[in-house]
Amino acid sequence: MPVLSEQDHAFWEENGYVVVPEAVPPENLKAVVDVLWTFLGMDPNDPDDWYREPHRKGGMVEIYQHQALWNNRQHPRIHRAFSEIWGTERLWVSFDRANMKPPTRPDKQEWDHPGFIHWDLDTFARPIPFKVQGVLCLTDTSEDQGGFQCVPGFHRTFEEWVKTQPEDRDPRRPDLTGLEVRKAPGKAGDLIIWHSLLAHGNGRNATDRPRLAQYITMFPSREKNEEERQRRIRAWQERLPPIGSAFPGDPRGIEQKHGKTAELTELGKKLLGLELWGPVETA
Ligand SMILES: O=C(O)CCC(=O)C(=O)O
C-alpha cells in the first residue's frame, strides 16, 4: 500500500510539501522525547529549566546517533514516504539533529527566537538540484508553537519571482515582501516532507509548551562513492555528527564518550550504506 495518496501527491505538486500522519508509532516518539530531555539534562516538568545550554537559541539539539533517532530513521513507513517522493527505494538517510524550542518568555528575552525563513540550497546555482527535507513532530505542535513554516508553492514560482529580485540578493534568505509564509501545525507523529526550493524555517513559540521535533531526510544513495560510504559508517559507529555540518556538535561529546552504537535493521543498514541496495554499476 502506498503511503502517499493521489491527493497527497497533488498537494505536494501544488504546495511543495506533504504531511505523512502516524509516520512512526507513539512509543518511538516517546523514546526520542525522553532521550532529548536526558541529553539536555533538563526537567521536562520544570519550564524554568529549559533556558540554558546545551541547546542554543532556536532550540537545536545536537544529538545525532542515538538508537531512538535511528529507530525513526529506519522505520519502513518513513522510508516508503521518501521513496514515493524520490521514485526509488535506493535511499540513504541523513544523520540529522533534533529540536526543543522553549516558549518565548518575557523573563527569558535572551532566549527569544523569532523564527526564520531560509534555504539550505545555494539558489544562485543552475540547475538547482532537487532535494527534499523532513521533520517529524514528536508532540502535537500548534500553529504558534514554533514549528515548521514555509512559502507554499515556491518551488513552482521561484524562477519567476527571482526575476523581480536584485542581483545581489541573499542566495540563502529571501526578501519576504509579497510572499505568503504558511505555518504548518502538526500532530505527534506527523512527518512533514518539503521540497528544498521552498523557502522555509520555523516560527516563534508563543505557547507555554516546548516544540519537540526530529529532522529526517533521505536522498538517493551514493554507493559508488566509497569514501563517503565509509565516512557514514564511521559516523554511525563512533556516534559522530554528520561530516560537514554547519553546527559545531555537542561540546560535551556525550554521544561519543557514553553512547552505544545504534542497532540497525536490514533496512537501517541499507539506509546507512553499511549494506548495498543491490549491485552498484561502475562506469
Ligand atoms: O524546524 C523546522 O521545522 C525547520 C528547520 C529548518 O529550517 C531546516 O532544517 O532547514
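**Ground rules**

Helices and strands here are DSSP runs (H or I over at least four residues for a helix, E over at least two for a strand), numbered from the N terminus. What you have above is a predicted model, in which local features need pLDDT of at least 70 and side-chain atom pairs count only at pLDDT 80 or more, while totals for chains, interfaces and linings use all residues. Residue numbers start from 1 along each chain as its sequence is written, and side-chain values use heavy atoms, with hydrogens and water left out.

**Who surrounds the ligand**

The shell around the ligand (residues with a heavy atom within 4 Å of it) is made up of F116, H118, D120, Q133, V135, F148, H200, G201, N202, R211 and Y215. Sorted by class, that shell has four nonpolar, five polar and two charged residues (nonpolar: Ala, Val, Leu, Ile, Met, Phe, Trp, Tyr, Cys and Pro; charged: Asp, Glu, Lys and Arg; polar: the others, Gly among them).

Which side chains put a polar atom by a ligand oxygen? Y215 does, at 2.5 Å. H118 has a polar side-chain atom 3.0 Å from a ligand oxygen, and an N or O atom in the side chain of H200 is also placed 3.0 Å from one. These are polar contacts (N or O pairs within 3.5 Å). The protein buries 95% of the 290 Å² that the ligand exposes when taken alone (Shrake-Rupley areas, 1.4 Å probe).

As for elements, β5 (132-137), β9 (200-202) and β10 (211-215) each give two or more residues to the shell. β9 gives the most, with three residues.

**Salt bridges**

The salt-bridge count comes to 19 (a side-chain nitrogen of Lys or Arg within 4 Å of a carboxyl oxygen of Asp or Glu). Take K163 and E160, one of these pairs: their closest N and O atoms are 2.8 Å apart. Both belong to helix α5 (residues 154-163), and because K163 and E160 are three residues apart there, about one helical turn separates them.

**Backbone oddities in the loops**

Two cis peptide bonds are worth a look on the model. One runs from E53 to P54, with omega near 20°; P54 is in the loop between α2 (26-40) and β2 (60-61). The other runs from R126 to P127, with omega near -5°, and P127 is in the loop between β4 (98-101) and β5.

Then there's E22, which isn't a glycine but has a positive phi, near 45°. You'll find E22 in the loop between β1 (17-20) and α2.

How values were computed:
Polar contact = N/O pair within 3.5 Å; in protein donor to acceptor, adjacent residues only side chain to side chain.
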